[in-house]
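Here are some short exercises to work through with the model open beside you. Try each task before you read its solution.

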Amino acid sequence: MNINLHIDRLILEDVDLSPSERLRLQGAIEAELSRLLTIKGSSSRWGSNNWIPKLSIHLDQTTTTNSVQLAHEIAQSIYAEMQSHS
């Protein structure tokens, strides 16, 4: 099964990232979402008509200093939201 996920915009409030850190964060989010979908799969009800219009994630401030940990938490929150909307 192929899953195409498009994230239109990711707004991080109170997080100051350089352009290279932003790219690293993007890649880490993609990698973690791929890992989660590969290992845990997705709901069999998830289809082309499913979409999540807006997702707000509140993370612990201590994780924002580590872009990889931040990416993992964002990806896990997106994955959990995908599962709850299927």
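**Exercise 1. In which segment is Leu 5 found?**

Before starting, note that this is a predicted model, in which local features need pLDDT of at least 70, side-chain atom pairs count only at pLDDT 80 or more, and totals for chains, interfaces and linings use all residues. Residues are numbered from 1 along each chain as its sequence is written, and side-chain values use heavy atoms, with hydrogens and water left out.

Solution. Step 1: list the secondary structure, which comes to two helices and zero strands. Helices (H or I, at least four residues) and strands (E, at least two) are DSSP runs, numbered from the N terminus. Step 2: place the residue; Leu 5 is in the segment before H1. Step 3: check its exposure. Leu 5 counts as partly exposed because its relative accessibility is 44%; buried means under 20% relative accessible area, exposed over 50%, and partly exposed in between (1.4 Å probe, protein chains only). Step 4: look at its partners, since Leu 5, Ile 7 and Leu 10 make a nonpolar surface patch of about 260 Å². Patch residues have over 30% relative accessible area and no salt bridge; like charges are joined within 9 Å, nonpolar side chains (Val, Leu, Ile, Met, Phe, Trp, Tyr) within 5 Å.

**Exercise 2. Describe the surroundings of Glu 32 and its salt bridge.**

Solution. Step 1: locate Glu 32 in helix H1, residues 19–40. Step 2: Glu 32 counts as buried because its relative accessibility is 3%. Step 3: find the salt bridge, where the side chains of Glu 32 and Arg 35 meet at 2.9 Å, N to O. The rule asks for a side-chain nitrogen of Lys or Arg within 4 Å of a carboxyl oxygen of Asp or Glu, and the count comes to one. Step 4: compare the partners. Both lie in H1, three residues apart, about one turn of the helix, and Arg 35 is partly exposed at 38%. Step 5: leaving out residues up to four places away in sequence, Glu 32 touches His 72, Ala 75 and Gln 76, where contact means heavy atoms within 4.5 Å.

**Exercise 3. Which residues touch the most other members of the largest nonpolar core?**

Solution. Step 1: recall that a nonpolar core is a set of buried Ala, Val, Leu, Ile, Met, Phe, Trp, Tyr and Cys residues joined through side-chain atoms within 4.5 Å. Step 2: of its 14 residues, the answer is Leu 25, Ile 29, Leu 33, Leu 70, Ala 71, Ile 74 and Ile 78. Step 3: assign them to elements; H1 and helix H2 (67–84) each supply at least two core residues, and the largest share, seven residues, comes from H2. Step 4: follow Ile 29, which, apart from neighbours within four places in sequence, contacts Leu 10, Ala 71, Ile 74 and Ala 75.

Conventions: Accessible areas come from the Shrake-Rupley method with a 1.4 Å probe; for residues, only the protein chains shown count as cover.
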